[in-house]
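Open the structure in your viewer and keep the selection tool at hand. The stops below say what to select and what is there.

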Amino acid sequence: ISEHLLVCTENPISYETLCTLIGSIVTSMNIIWQITYTIPNFQVLLINEIQSHNGDILTIVCCYVSLLIVGTIHHVTFFRLLGYIGSTSTGVAKGFQTVIV
């Protein structure tokens, strides 16, 4: 789909637009899940589990925020590569990254 939207059409969308669309859709789905499932069960799913394992909420929040920042950088970089070198080359680069890691 990315290849078609970016390269194979007469009027391709920009990689920034594609990144924004995909990010918006995933973020919306995550927000809906949080509102309909996580928040109503917050005490059981999170607080009780953290307390039963003697966890520190501040450490967990810091790790979660760090994960969000790193994930954002990773995804923006991926879609910029997709726009500059195409989906096949980006796929090869991701495969190489997987083998190395």
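**A tour by selection**

Start with helix H3, which gives the most to a nonpolar surface patch, with three residues. Keep in mind that this is a predicted model.

Select Trp33, Tyr37, Phe42, Leu45 and Leu46 to show the patch itself, about 460 Å² of nonpolar surface. Two elements, H2 and helix H3 (42-52), each give two or more residues to this patch.

Next, pick out Tyr37 alone, a patch member that lies in helix H2. Is Tyr37 buried, partly exposed or exposed? Its relative accessibility is 36%, so Tyr37 counts as partly exposed; the middle class runs between the 20% and 50% cut-offs.

Now select the whole of helix H2, residues 15-38. How far apart are its end C-alpha atoms? They are 32 Å apart, and this agrees with the expected span of 34 Å, because 24 residues are counted at 1.5 Å a residue. Within H2, colour the buried residues: Tyr15, Leu18, Cys19 and Thr38.

The last stop is the largest pocket, with a volume of about 500 Å³. Which residues are the closest to its centre? Select Gly23, Val26, Thr27, Thr72 and His75; these are the closest of the 14 residues that line the pocket. To see where the lining comes from, show H2 and helix H4 (57-100), the elements that give two or more residues to it.

Finish by showing H2 once more: this helix gives two or more residues to the nonpolar patch and also two or more to the lining of the largest pocket.

Definitions and conventions
Residues numbered from 1 in each chain as written. Predicted model: local features only at pLDDT ≥ 70, side-chain atom pairs only at ≥ 80, totals over all residues. Heavy atoms only, no water. Helix = DSSP H or I, 4+ residues; strand = E, 2+ residues; numbered from the N terminus. Expected span 1.5 Å × (residues − 1). Buried < 20%, exposed > 50% of the residue type's maximum accessible area, 1.4 Å probe, protein only. Patch = residues over 30% accessible without salt bridge, like charges linked within 9 Å, V, L, I, M, F, W, Y side chains within 5 Å. Areas by Shrake-Rupley, 256 points an atom, 1.4 Å probe, with all protein chains shown as cover. Salt bridge = Lys/Arg side-chain N within 4 Å of Asp/Glu carboxyl O. 1 Å grid on protein atoms, 1.4 Å probe; cavity = no way out; pocket = protein on both sides within 12 Å on 5 of 7 lines; lining within 4 Å. Points joined across faces, edges and corners; volume = space filled by probe spheres on them.
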